[in-house]
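Please look over the sequence and the 3D structure shown here before reading on. The text afterwards is meant to be read with both in view.

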Amino acid sequence: MRAFTLLKNGFKRHIVVIGEGLIGSAVSRNFSAELGSGSIIPLGSYTTESLLSTEKVISNWLKTVVMDDPVDWIWCAGRASFTADVLRCDEELAYYKGFLRLIAKHRRIEFDTLQLISSAGGIFEGCGLVDEDTAEQPSRPYGRLKLKMERIAENYFPSLHIYRATSVYGSIYQGHRSGLVTSLIKNAYRFQITEIWGSLSTLRDFIWAEDIGQYLVRRTLRTRALGRKTYLLASGRPTSIYEVMNLVKHVTQKQILIRFCEPKNSSNIVFSSRIMPQQGWYPTALEIAVRKINLDFTTS
Amino acid sequence: MNIDPPTSVSVVIPVFSGADYLCDLTQQLEQVKVWLSTNDAPVSIVEAIFVDDDSSDGSDVILASLLEKYPWVRVVQLTRNFGQHPATAAGILHSSGDWVCTMDEDLQHKPQDMLRLLQTVTSAGGDICYAEPSLGTHSSFRNKSSWLTKKIMSALSGNKWITKFHSFRIIRGPIARAAASVMAHQTYFDVALSWHTNRVCTISLAMKDPRAGSSKKSGYPLKRLIQHAGRLFQSLELGILKMASLLGFILMLIAAFVGLSALAIRIWFPEIITLPGWTSVLVMSVFFGGTTAFLVGLVLNQVLFLSQKMRGRPVFFTVNRQSDLIIANWLDEHQPQK
């Protein structure tokens, strides 16, 4: 995890980003741009045993660096993918619970804030057009995991902000998932097949991980928002797999090779723009982000 | 048998000068929506997407109030006036319905008739249903010139549906979005639709432009209509281009025949051609002319191929028509309210 320190109006606050995957790395990058590179606190491997072995390091850091200052914990350490099985999801849940127990053991987290990255796609799978009245109905282990994580967080943190992100895609970095859009770009250059769980007409709402990073930075640095709230991070612009493929083909000027996989998840998941954050959330248009990612890929 | 969840319909309305009509239009859409919901229909209207095409008559203010009042209304604002087809494409690209119905802003197209379009297209197993005005909707001159233009374009391109193109249409959602996503600058939306399907049907409906004959300006003055026709012309693949290489080859064969004939006559019947040098000039002219015609034909074929590729004309497209009959049967049994 990466820790940043914010000094504002004579008050010190610590911001801790847990996870360096697709969203976590984007969040860390954006905080680094504002607050400097921060300090890395190693968590070891993604197991509860590893957490136990790093407990001393974390508790030392909390006692000596953080002390009584408030902390914004930003959880971006999701490991399970959309199609993860129960075992994989249980591993992530155990790790998450272990982490929360660990920090609760060593400090009074009722003065801290948890900002939890959750998944709108997993929680509202099969709901079609999601608006204010749509009830959560996860239909697979991944969606149920995300909902459970939100409920567990409510038991620990009076101040909790949940960000339900839709289909996220990110820049091309080694070592983490990059989302469908980026996978299509990478595989186009490598003449590899992209696996798709859906059909050509399947609609999704794609958002760029950098937008999430920027939004979290704006929200966190502007003011210390307390209380409980859930935010939907979506673009409000339904996009079909067909459209994404054509866009990537047009930008990369390469053939796109795809394979449709079972189990198929061809039901649409799109979101009404009414339930998106009305302030501070500026999703980048898909075409612009695709061109940027393509440029990064071809020049790296 | 019902469908769970119901098949969804998105309504897309480009707006340019609709301030006088938008409130009534939305109320009528709501009546249809409520009627479908009350009668447990296998189809529901999930959203109405108004695309503000840089309107200048206060439509944007009215749209803002409609957005507040109706949770199923969405507004997409374009940065400048792009025209009806781009505005329609923008609205469609923001839609999520299994079916997309497009209509004009001025109540020329009755929202209740949308169900008749849907009934027709689902009964026929079609993908697009156009409304066909049973009466002329505009002035006689405008109606006739529009008809003539489309007739000429239809003959030139071989696309028989051009004369049926109409802004009041219902389209299968994935096809609408696919066509909208490959639309380029100056592409006529219905031509892009025709690249994806030829399962087109029509239904005759009574329509009248409320602005015709009144002092109210139509949203589309003459200059805009001419541009519209130009857009249609540019979008089409003219039939003659498809036959370009064949025509060039035929011309080359004719040229070869003429040249060889002239040569044969010169050799075996020299008394027929008395003018010195005439045969040589003729042979050279037909040789270069025929070769040029053939090469130009090849080049035009390649241009057509590249043009199709650039426009995003798909190699293939797939759809699911499973729920069509359920919807058609239900709409047959339940008459929509007037």
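What follows takes each chain in turn, then the contact between them, then a few single residues.

The model is predicted, not experimental in origin. Chain A contains nine helices and 15 strands. How does its radius of gyration stand against the value for a compact globule? For 300 residues a compact globule would have a radius of gyration near 19 Å, and chain A, at 19 Å, agrees with that. Along the principal axes, the C-alpha atoms of chain A occupy a box of roughly 55 × 40 × 40 Å.

Of the 300 residues in chain A, 55% are buried. Counting contacts in chain A with a separation of 6 or more, 81% are between residues 24 or more positions apart. The accessible surface of this chain is about 13,300 Å², and carbon and sulfur atoms account for 52% of that surface. Chain A carries 38 positive and 28 negative charges, and the mean positions of the two sets lie 3 Å apart.

Chain B has twelve helices and seven strands. Its radius of gyration is 26 Å, whereas the globule rule gives 20 Å for 338 residues; the value for chain B is well over that, so the chain is more spread out than a compact globule. The box filled by the C-alpha atoms of chain B, taken along the principal axes, is roughly 95 × 50 × 35 Å.

In chain B, 48% of the 338 residues are buried. Among its contacts between residues at least 6 apart in sequence, 84% join residues at least 24 apart. The accessible surface of chain B is about 16,800 Å², with 62% of it belonging to carbon and sulfur atoms. There are 30 positive and 26 negative charges in chain B, and their mean positions are 9 Å apart.

Next comes the interface. How many residues of each chain are in contact with the other? On the chain B side there are 22 residues, and on the chain A side 14. The two chains bury about 1,400 Å² between them, and carbon and sulfur atoms give 54% of this area. Within chain B, the residues that lose the most area to chain A are Arg74(B), Leu93(B) and Ser96(B), which together make up 31% of what that side buries.

Leu93(B) also belongs to the buried residues of helix H3 of chain B. This helix covers residues 84–93 and is mostly covered, with nine of its ten residues buried. Besides Leu93(B), the buried residues of H3(B) include Gln84(B), His85(B), Ile92(B) and Gly91(B).

In chain A, one residue to look at is Glu210(A), which sits in helix H7 (residues 209–222). Is its side of the helix buried or exposed? Glu210(A) has a relative accessible area of 12%, under the 20% cut-off, and therefore counts as buried. Leaving aside residues up to four places away in sequence, Glu210(A) touches Ala26(A), Arg29(A), Asn30(A) and Ser171(A).

Backbone angles pick out two residues of chain B. Most residues other than glycine have a negative phi. Asp54(B) has a positive phi, near 60°, and lies in the loop between strand S2 (43–52) and helix H2 (59–69). With a relative accessible area of 39%, Asp54(B) is partly exposed. Leu107(B) likewise has a positive value of phi, near 65°. Leu107(B) is placed in the loop between strand S4 (99–102) and helix H4 (113–123). Its relative accessibility of 21% makes Leu107(B) partly exposed, because the buried class ends at 20%.

Two aromatic residues of chain B remain. Trp35(B) is in helix H1 (residues 22–38) and is buried, at a relative accessible area of 13%. Trp35(B) and Ile254(B) are 219 residues apart in sequence, and their C-alpha atoms are 68 Å apart in space. Phe257(B), in helix H10 (residues 244–268), is exposed: its relative accessible area is 60%, over the 50% cut-off. From Phe257(B) to Val286(B) the separation is 29 residues in sequence and 9.1 Å in space, C-alpha to C-alpha.

Methods
Residues numbered from 1 in each chain as written. Chains lettered and ligands numbered in written order. Predicted model: local features only at pLDDT ≥ 70, side-chain atom pairs only at ≥ 80, totals over all residues. Heavy atoms only, no water. Helix = DSSP H or I, 4+ residues; strand = E, 2+ residues; numbered from the N terminus. Rg over C-alpha atoms; globule rule 2.2 N^0.38 Å. Buried < 20%, exposed > 50% of the residue type's maximum accessible area, 1.4 Å probe, protein only. Contact = heavy atoms within 4.5 Å. Areas by Shrake-Rupley, 256 points an atom, 1.4 Å probe, with all protein chains shown as cover. Lys, Arg positive; Asp, Glu negative; His and termini not counted. Charge placed at Lys NZ, Arg CZ, Asp CG, Glu CD. Buried area = accessible area lost by both parts, 1.4 Å probe.
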